Each structure stands twice: as C-alpha cells, then as structure tokens.
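Reader: I should like to learn how to read the features of a protein model, one at a time. May we begin with the general idea in each case and then turn to the example at hand?

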Amino acid sequence: CFYVIRTPERNSLFEAEYRRFALKMSGICGFQEFYRLLQTVHHIPGVEVLLGYADIQGDLLPINNDDNFYKALSSANPLLRIIIQKRDVDEPVVFATNSLQRRKKGLAGLRPAQQKSKPGLMIGLPQDFRQISSIIDVDILPETHRRVRLHKHGTHKPLGFYIRDGVSMRVTPQGVEKVPGVFISRLVRGGLAESTGLLGVNDEILEVNGIDVAGKSLDQVTDMMVANSHNLIVTVKPANQRNNVVPRASRVSAGGNSSSGSVGSAFSHDSAPSTASQSVSHHSNSNSVAEGDSDEDGDGDLIIETDSLPPYLPHRCVSNGNGSHRESPLSSSLGQRPLPQSMSLSMTTPTHNCSPTKTSSSQESMREDGNIITL
Amino acid sequence: MMKFRFRRQGNDPQREKIKQELFAFNKTVEHGFPHQPCALAFDPQLQLMAIGTKSGAIKIYGSPGVEFTGLHRDAAAVAQIHFLQGQVSLLGHFLDIHVCVCYNVCDVVSSASRVTVLLLLSSCDLLCVGTEGGGIHFLDLPRLSLRDNQSLLLDQVMQSIPEDYRCGKSLGPVESLQEHPKQPGKILIGYSRGLVVLWDLSTRNAEHMFLGKQQLESLVWERSGSSFVSSHSDGGYSVWAVASGNTYTHQPVSSSIPYGPFPCKAINKILWRTIQSGCPVVLYSGGMPRASYGDRHCVTIQQDKQHVTLDFTSRVIDFFTVHTTDPEHDYDDPKALVVLLEEELVVIDLLTTGWPSVPPPYLAPLHSSAITTSCHLDNVPAKLWDRLAAAGNNQGAQPGVRHAHGSWPICGGKNLAPPPRQQELLLTGHEDGTVRFWNVSAVAMTPLYKLSTANVFHTDCDPNDDPLDPTNDPEALQEEEWPPFRKVGCFDPYSDDPRLGIQKISLCKYSCRLVVAGTAGQVIVLGLSDEWSDHTVDVSTVDLLQDREGFTWKGHDRLEPRASPAPFPPGFQPLVLVQALPPASVTSVMLHAEWNLVAFGTSHGFGLFDYHRRTAVLARCTLHPNDSLAMEGPLSRVKSLKKSLRQSFRRIRKSRVSGKKRPIPTPTSKIQEANAALADQEEVAPVQRRIEPRSADDSLSGVVRCLCFADTYLRDGTHHGPTLWAGTNSGSVYAYALEVPGVGTGRGRPGGEGSGCVEAVLGKEIQLMHRAPVVSVCVLDGRGKPLPEPYQASLDLATAPDMTNPHSVLIASEEQLKVFSLPKVGAKTKFKLTAHEGCRVRRVAMVTVCSTAQEDYSETSLVCLTNLGDLHLFNVPALRPQVRYDCIRKEDISGIASCVFTRNGQGFYLISPSEYQRFSLSAKVITEPLCTVELERPLETHIRSLLHTNTSGNTHSSLLETHTLLAVPGGDYNRTWPRCSNHWCNMITFFGSSQDSSSRI
C-alpha cells in the first residue's frame, strides 16, 4: 500500500517548496530513517530541521521520535502533510489546537513572539510538544483560586475526571455558611486532567468557562463542561492550597513571557511523573484574547459542500430501471476530484475496517459511507 | 462570549413592554382523566360532581365546559368529599386532616382511633365523624369545632343492647352513617359487626336497634324512611323495616345473596332507588362469586327481572345516581348512574331501556392505551373537521352506546366561554396502534375520531382468522350467561402486539393526508374517505442498511402485512405501507403532501418515499461504523438489568409498606418511616458524573432525530427548489436537493402524470463540532420567518415566503441553537444554551405569538423546552433570549418528553398517564375555563351570587386562598369573605394542612 506524502518544505516564512511523493508503508522502519529520507528527498542533507504533521483535526503536531512518527503514519489517509522547518528559525513553531488555522489568520498573534528574548531556561524543547493545559488569569484571580484551561485537541480522549455534589464553606455577610458546591471526585488514571497535575480530587469547581456554577445541579454542571469540552476553562479552589501560584510580584521579570516561566515552574514538578504520555505543559499565548479567539474557532462545524452537486442541474439524472433509490454521485466523483488548490488541508477518512484486501467495489462503497471532511 | 453577555443585558424599556404584551406563561386547563382518583361526591341541587385524587387535587365538573380545579398544598390524598348541600361548599377530607382530627379527638376523649366515615347533615351545620374505634364525634360547621361531651361512644350503645347480642365482643368500627330522609335529627349508625342503630340526635337516645348478625359494609335509606337496606361482607343484602314501637328488630324483612350460593365477595356499597312506575332499582358494587369472578370489577343494576352486571376494566372507586331530591316528590326516579372507576368515568342512562352508557363530554380516558406520541394542528379547515366528525359519529353508533351529549345528566353551572375562534386538533398515538383525534378547541377535550392501524397487518388475534370466535357469534351471546356481564368503558391497556405502537404522526390538514409511523419500522400513508372500502394496501420495503456488511439485526421482525383485502371503515384509510429494514422503530417522519413525498428516519438511516408513484426515492444509512448497539435491536436491556432489578425490589418493598389496608399512623411508625427514608438516602452512593465529551462512536449515533422539507436555495443563490434535511443523534445534518417533477422551476408540466421520478442528490453535509443530537432543522425565508406549510402558500392561506433575500437554516441541537446562511453554509448566529445554562434542549418549536396591545402585531419565536423543564423563548433569526419560564418539574421526565407545542403559543404535556396539562406562552391566546355556578346560600341572606373563574391560575389560587382564610384561628366566617375575589366568596373549602386544622379544632 502506498501512501502519498505531500511535503511542503518551509525554509523560511516566504521561501517554500512543496513536494509530493509516494512512500511504501513498510519501507520505513523508524523516525531516523524517515528523517534521512526527507533530507535526501529535499536535498538538504545535514540541515537541522523540525518535522511536523497535520493531524485529522488540523493540528500541527511534531514528529521527533518513533512513536509519534508511527502515529503520524497511521493518521495519514491517504495523504499525510508534513511540514519541515529549519531548526534555527527565530520563530518557534507552535504546536497547538488549530495552530494551522491560527497561523493562516495572520501574524498578529505571533508578532510579539518574534520580539521576545530567548528564554533563559529551557526545560525541554517546547516546540516538540503540544500544549494540553495552562493556568490562566493568574493576575486577576485571588490566590486561593486557580483557573485551568484544558486543551483536548479534538481527540476523543475523555477529559478524565469525575465531579460530585458536596458542601462548601462560604463567607457571607451573615457569617460562615454551608452552601452546596461541586467538587472533583476522581481523576481517571492517565487521563487529561490527571496528566496536567493542575486539578486534584476534592478541588471545588467555582466556574465553568466564566459562568458561576453556584445554584446549578450536578447534571447541569456536567452538561456545561461537556458542552465546553473542546476548550474547557474551569476555575477551581484547590483542596491543596500549598501549590498555589505565587503572585507575580515575587518574581518580577520583564515581558509578557515571564508569566509562563512562573507558571511552568509552579506546576512542573507535578506534571513530571506523567511525561510518559508525551504531554508537558508549555507556555503559549495564555492570555484572554487568545482564549476568546479560540473559543470562536473552537466549534467551527464541518461543512461538506458536495462539488458534484451541479450548480443548477444541467442534466436529468436517469433513474434506475426499477425506480429504486438513487445514491448521490458524491463518492465516485470525489475519488477523481483533484485536491482543491487553495485549501490548507484535505483528506478522506475511510472507515476503520477498510482492509487493502477488499475488492475495489466494496472499497468504494465504504468510502461512500465514511466521513468526508473538508475544511 | 463577553460580547454576547453585554448584548443580552441591554434592557430596552420599549422592548420590555412589547415582550410583556406578547408573552405570558399560564397553566390553563387540565385535559383528560384525573390520575388515581379516590373520592367522589355529587351535589344534586347544584348538579355538580367533585372528584378527589390521591395527589390532593379536587376537580369539580358540571355541564360541559364547567370545570374547577383545586390542588391541596401538601399533596395529601383526598379520602372523602362531601358537598355542603346547595352551597358549593365542599368538604375535602384529607388523610392529613383526619390524622389531625383524630389526634385532637384523642386529646378530648381517650379512645384514639381513625376516621372511617363522615356524615354531613342536610342542615349543613353538623358533621358526624365515625371512627374505627366505634365512637362518633360531632363537629360544628363551618368552624369544625368539636361539640364537647356530645360524642357517642361505644359504651353508651353497648348499655342499651340486649345481653345475648353483646357476647363480650366489640361492635367494631363505624361502617356507615346515614341521615333519616324525612326526620332530620335522626341518624342511622351501622357498626362493622352488624348492629345498626337509629339514633336521635336531639334526645341523644337510641330509638331503634337492628341486631344484624352479618358483617356490615354499607347502609342506604329507602326514600320514605320506612325501611333501609344493608349490604354485607358475604355478598348479600337485607331489607329492614323501621316500624315505630318496638325497640329491637332481630330479623330483616328480606335477605338475599344475589350471586350465591357459592361464597361471594362483599357488597361494598348499595343504593336503593324507588321508581314511580315499577319496582325499585338496586345498584351495588361487588358481591361477585369469589372463586369464578372474584377478580372482576363490577356494578350490578337490578330491577325486578332486569339484571345487568357492568363489567369494568378497572377498580370501582365509588358511584352515585342522579335522581330527584325534591322533598315533594315521593319517588327517587333515578335518571342516571355515574360510576367512578380508577381509570375512567362511566355513566349509564337509567331512563332508556337496556341501560345504555352515555359517553362523557369530559374526563376522556386519554390513556385507554398508553400514549406514545402526540401531534397538534391548529386552524383545522372545516372540510376536514366535518368529515372527521362524521367518521367519528359513525364509529360511535354501536349497540349499547347512546350518542347524545344533550342528555348529559350532570348539568350544573353555565359555560360562559365564547365559541372557539378556530378548531384545534390533538392527535395522540397509542401503544395498541391506534391514533385518536381529540377536539381541543375548548376547555373540554372530547374524542372526535379513532383510527386503528392494526387491520393493515396480519396479527395473532385477527378476528377474521377464526370466524368461530364466540365473541363474534351473536347466537353464542344470546346464550344464558350468569352473571349477565356487560363490558363497559373503553380503558384497555393491553396491546395485542407491541410492534403496532405509534411513534410519529404527520398530518396535512389541507390535503387530508396522514402519515403514521410505528415501532416496527412501518410507515403508513392514509387518505380520508367517507365510504367503506375494501382494498389491498400497497406494500414497499426500504432497506436503510444498503447492503452494509457486518451488521445483523437482533430486534423484532417487521409486521406482516395483511395479504387479503380488508374492509376499512369511513375515515382515514391506508393507501401505502412502507416498511423500513431493519424494522427499527421510526424516530421521525415528515410528510409533504404537495410533493407527494414522505420522509422517515429510524436509528439506522432515513428514507424518502414517493407515495404517488409508489417508489422509494432515497435510502441513506446514517450508522457510524463503531455503532454496534444500534444493531442489537430496541435498546439493549443488558445494561440496565441490574438497576431495574434493584428498583423493582424497592418498589416491592415500598408497596408492601403502603399496600396495607388502613395503616395506622402511630408515632412509632412515623419514626420508622423517617428512618427508612434516611436509610434509603444512605444506600445511594454519592453521585458522580464523568466529564466525557461526546464522541462519534456513542451508541445510537445514527438515530435520525428530525426531518424537514423546504423549498429553498441549496445549490446556488439564484435557483431554489425542493430540499430534504435530516439531522442525526451525532450532530450530522444531511441536506438533499430534490428534483420533483412539476415543482419549482417550471420544468415539466405541473401536475403532469408520469413526467418522471423524484430524484434526490446530496447537497450538503454539516457535522456539528459538538456532536450533540440535532433536535430540529427549520429553514427561514429572506425575512427570517419559517417557511409556510405545504399548500399554505399555493392556496394563498399564508403570506408567501420571501424568496428574494437569502434564506437561512436554523439547526437546533441539544446543546446549541445555530443559524447558518444558505446556500453557502456559514454560521450566522448562535446561542450556546448548554454552555451557558447547563441545560439541554429537549423540544423545539417555532411559535407565532400575537400581541395583546396591537391587533396585527405578531412575532415568530423559537420556543425551547429543556431537560430542566423550563421554557426559553428566542427571537428568530437573531437568537436573542427573550423570556424564560419554569414549566415542568425537572424530575418529570415523561412530562418533558410528552410536551407538544401549538403554532399559536400554547402547549400540552402529560402530568400523569391520563392527563394533559395545557399551558400558554402567549399573552393573548389562552384557553381557560370560563363558567359560573349560580347558587343560594341559606346561611347568608339569600344572595344570588356567582362562582366564577375568569383568569387561569385563579382556579388554583382561589381555592387555596379561601382555605387559608378559613384557617386563621378565630377568624370570623363572615369577615373573611371580602378578602377573596368576589366571585369566590361562596366557596367554602375545608382543605387543611395538619397544622392549620389542628389550630382550628
């Protein structure tokens, strides 16, 4: 089985080169070999490059070891788009949700990044990973509260925690009162919530995406979280108050970038044990502007325009002899349709049980039923 | 998000005023039969009937249209109701009250016991309370204060009975109290052991003693007062003569056990009514032979040689006769027998020979088979209405059922409601495959027509199969059967075949085409006909899986269509039967009569059928490859088995506790109950909810939730044409461009026969990112108004849609409302309901609400019922929230699921299996009872006054208000009236929570 790999090479922002080539799936055994192959294909032997690929959701993800290389290959169907970038470019590649779209939107969001000085301490190569969580709004929240943003990156992986009803103490004008509250009751092993280290059992949930949960039932809060799960921002009052973010005043440093350092260090020891799942938080634009921005992008629905639908039916479709159902010609024509020129990403996703041994006719019917996604 | 918040808060006073003129939430009337009725009363002077329920509601009915409802605050069961004769005063006897009455009596006298019977004297100033301990206490009315030292205790009675009768045993509870019909101061007291005492209240002396030996159940006076009848636990009754002179009577005049000689069940209640022209009529419940018919629910009517045993399908609660109460008149001359059953009200005409039943004009048993779906139509054209009514009348013309509403025996009050402005039709689909058409134009919901779809299929109990069925053979019926049973009533919860159940209904009121879809994937297209017809129904199957491999259907088989022609009565007659394969339950159906198309969806996909040419146009599978559950058949049972087992055990345990006859609420039992409740709470583990986003491989993701036809722009911005939209459980929307010959583009000859086939081409697919189930799809025209129904535009019944400006489509999912532009699908506006409020959309409808201030001003709004039972209204297409109302309790899942909206801003939902609550969102369109009862009050200075409800909601609050007023300790009876609304001042209601009443007594 051959995979066609389309490889736009990015030497710089303005100097781009696109290559498309076929690759035998079994021919490549590992990342290193693939890396060398790319260097050969692009005639850039010896140049340090970063590899990235676009996953189903349109996220730019890195390829830097065997694991994520195989992951990338498995997600190629049939096209895999790989982005190659020189490692010493000033602007680091940001792997994040909808990173491709955001880049496309303009460089406004990236401009400050070019001005910033090199960070003094690098825990890892941030550009090799994608962000899964962040602490935000540190400057406006009370010390005892923590606002956590979870990035799901469109995966079907659960957010990985459970909530329950409970009783919370609140200071009111009448004195201390017991009020019903919602608490995290359990973290799923290896789940997103646990891997961030930012949420813990018995943390009280105060807000979901800016909406106060007071007076809402457990089911309501559950539904709110699920509805916001693509970009969930929960404000919690951690049960363990020792790991709170120290106000910035104590660690003054210049530039908007500094909050990342403090935030990162504040929880890095928490998340260290779970790095096996290649998830380490790193700083990206953790300001509220970007948050609102991505909120708008976050639920962009997929619209499939069937190009096969004639603008205004030029022909009368001949019906079958027995007058039975007429399936749309979508599938057949889509197979032949050349990929659109202007688009950023295009792929067809056959159903999972599609095996190469199937006859061409069954393959076609399968493709017909599968999700055809065009962004 | 922030932008949005600010926008919402902008409170324009002008807009607020308009909103007030448009929207108002009222729960208006309750249609149907009260759930769990447990008490019945009738006022012969006012001709009003009252029904009390276990949930504490009291409903009063008079002539059709005269209805009052009161709900007790504490939802305690009503045990007995008594009318204070002629005064529209109602004595509601709640279990709660009688607990507190007893406790108070306990304080005075030391014999603690429960109330068994109440007697209200005709003078209306004294209430006699019979207790389980055998004592009788007297309470002054209307203050319900105990007459001190006047209680009649067992000891007093025991002293005067002969020694040989005493034999050391107690007389038992008081079973019956009856006032002497001619001599007001005398009451007849029946004790359980059989002793009956005629007691003179003024002299406080036992005038006469009847030493019965058989355990007593009930007593009734003969009209003249010269004799009375007692009924007994052995199934017999005795007639006793009341002769002045001797103090003791040992033997009754006559005694009989009608269904003997084998052991019989008790006769619970007996009535003895005299007739001028002949023998008295005896009416009694129970008394059936224990072994053979002990489980039947029967009321017997006997007059001389005539004998009918009315055989009911549910328990007899109580019954009364409507008869002359004029003291000048020497005979009862009963007109009708009214029997309240657990599930319906049956009225028997006693004047007509053969004692036929009279269909009630209200209290329709909606649930004669369980309701599975409903559908509302407003502005029904007279043509359809008359034909339906004619077909319905035809059905009613059965032997044994007299169809004349004019002679309805309960005729109190006057209906003041104006005739309805338009005819409204509510269609209910039932489990047994019937569709019932109800007239809901006015307060009284009346049956119009009933359609059965079972005869399209070949079922096990097909009457045509075995002509030797004895029930079909008139000769066999003639054969002497004992007892002479007659099936009465229409409550029949048993379904022949669960697959016959109706799931979805769609009716075109202009072309009289009806589509009914059911549990086994059957979609039946019906047409209205006024004649009997014998024809075979065309059958087509549509395979929705389209040879997809790897799936096997493990559910029920499809229904087998009847092979031979069947006779179809006038009314809706089936034309085509389409069966979806696999035969999963139909989850949505939509009819477009103008294009002759019907679209249907199941959990596997959807299909489009041209019923004019009898061809399938389209079949599309919506299954996700990972969805294995959908193939298992109707919802896997394995998952919930454990839970349901646990629940059923709990239910059994609970019923064991509550099922006891007359549980005695002692303090210890109360403590036990509280402990049990606590234990129940502890038993439940702390509730946890997993935060797990929806994924594509959720079970049943392929369920087609909604279908929609629209003439709109799908291909490009200049040419519009027929389209079909389908939304699924996993947030996918499919839009098909249809090519319907002769429609739209002027291509093909309009109405031309055989000009080609309908074709469907997939135009768009929308996958909502949040993957929530799509609840509704609606296309809006250039002005943002929903497109008119089929035929409305072409028949000039509605303003033509704006086709010049770009259209848009409103897609409502469980979590969000979103408007997309057409033909290029781009998001225009949205409202994230779940993300903001944490609730999920259950039902969505477009309603047009008229203003109360300006006659011609109306607005189209999107009304949205959530899983929390609240209603949100949004304007369209901007989707700005307008108002929010709490409507249904969030625990009432079946109520939320059954909700149906009308186009003019009203709605219905089930408050019990048998009752619809009607509500209104519109400030203008309100259907509510508007009626008066004229009455005279002997206690006051004979003022003629009105009992009146004018605004909805008042019906409830007024009743409670009066109650509250009466409960004020020491509050003067006369002084309290001005605080009530004028119209209610004559209603005395003794509803009482325990605290209130105890403070009074």
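Reader: Which residues of helix α1 of chain A are buried?

Author: Please keep in mind that this is a predicted model. As a general idea, an α-helix has 3.6 residues a turn, so residues three or four places apart point the same way. In helix α1 of chain A, which spans residues 31–41, the buried residues are Phe31(A), Phe34(A), Tyr35(A), Leu38(A) and Gln39(A). They lie on the same side of α1(A), because the arc they cover around the axis is only 140 degrees.

Reader: What is the sign of phi at His43(A), which follows α1(A)?

Author: Phi of His43(A) is positive, near 60 degrees. The general expectation is that most residues other than glycine have a negative phi. Two residues of chain B also go against that expectation. Gln47(B) is not a glycine, yet its phi is about 60 degrees. Gln47(B) sits in the loop between β2 (37–43) and β3 (48–53) of chain B. For Arg204(B), phi is near 50 degrees, again a positive value in a residue other than glycine. The loop that holds Arg204(B) runs between β14 (195–200) and β15 (205–211) of chain B.

Reader: Are Gln47(B) and Arg204(B) buried or partly exposed?

Author: Gln47(B) is buried, because its relative accessible area is 14%, and buried means under 20%. Arg204(B) counts as partly exposed, at 29% relative accessibility.

Reader: Where does the chain contain a cis peptide bond?

Author: In general, most peptide bonds are trans. Here, a cis bond joins Gly260(B) and Pro261(B), with omega about 0 degrees. Pro261(B) belongs to the loop between β20 (254–256) and β21 (267–275) of chain B. A cis bond also leads from Leu581(B) to Pro582(B), where omega is near -5 degrees. Pro582(B) is in the loop between β41 (571–581) and β42 (588–592) of chain B.

Reader: How many salt bridges does a search of the whole structure find?

Author: To read a salt bridge, one looks for a side-chain nitrogen of Lys or Arg within 4 Å of a carboxyl oxygen of Asp or Glu. The search finds 35 over all chains. One of them pairs Asp497(B) with Arg499(B), at 2.9 Å from N to O. Asp497(B) is buried, at 11% relative accessibility. Another joins Asp781(B) to Arg783(B), whose closest N and O atoms are 3.7 Å apart. Asp781(B) is buried, with a relative accessible area of 3%, whereas Arg783(B) is partly exposed at 47%.

Reader: Which parts of chain B does the pair Arg884(B) and Asp870(B) tie together?

Author: The side chains of Arg884(B) and Asp870(B) form a salt bridge of 3.1 Å, N to O. Arg884(B) lies in strand β58 (residues 881–886) and Asp870(B) in strand β57 (residues 870–875), so the pair ties together parts of chain B that are 14 residues apart in sequence. Arg884(B) is partly exposed at 42% relative accessibility, while Asp870(B) is buried at 5%.

Reader: Which residues are linked in a network of salt bridges?

Author: The network links Asp223(A) with Arg705(B), Glu814(B), Arg840(B) and Arg842(B).

Reader: How many disulfides does the structure hold?

Author: There are zero disulfides over all chains. The reasoning rests on distance: a disulfide requires two cysteine sulfur atoms within 2.5 Å. Cys512(B) illustrates the point, because its sulfur is 7.7 Å from the closest cysteine sulfur, that of Cys508(B), which is too far for a bond. Cys512(B) is buried, at 5% relative accessibility. Cys411(B), by contrast, is partly exposed, with a relative accessible area of 43%.

Reader: Which residues make the nonpolar surface patch?

Author: Met169(A), Val171(A) and Val176(A) make a nonpolar surface patch of about 330 Å². Met169(A) lies in strand β8 (residues 161–172) of chain A and is partly exposed, at 48% relative accessibility.

Reader: Finally, what does UniProt list for residues 808–924 of chain B?

Author: The unreviewed UniProt entry lists "domain: Lethal giant larvae (Lgl)-like C-terminal" there. In the model, residues 808–924 of chain B are 9% helix and 57% strand, with the end C-alpha atoms 29 Å apart. UniProt, again in an unreviewed entry, places "domain: Lethal giant larvae homologue" at residues 256–356 of chain B. Those residues are 4% helix and 50% strand, and their end C-alpha atoms are 27 Å apart.

Key
Residues numbered from 1 in each chain as written. Chains lettered and ligands numbered in written order. Predicted model: local features only at pLDDT ≥ 70, side-chain atom pairs only at ≥ 80, totals over all residues. Heavy atoms only, no water. Patch = residues over 30% accessible without salt bridge, like charges linked within 9 Å, V, L, I, M, F, W, Y side chains within 5 Å. Areas by Shrake-Rupley, 256 points an atom, 1.4 Å probe, with all protein chains shown as cover. Buried < 20%, exposed > 50% of the residue type's maximum accessible area, 1.4 Å probe, protein only. UniProt positions renumbered as here; feature names shortened; annotations may be inferred. Arc of directions from axis to C-beta.
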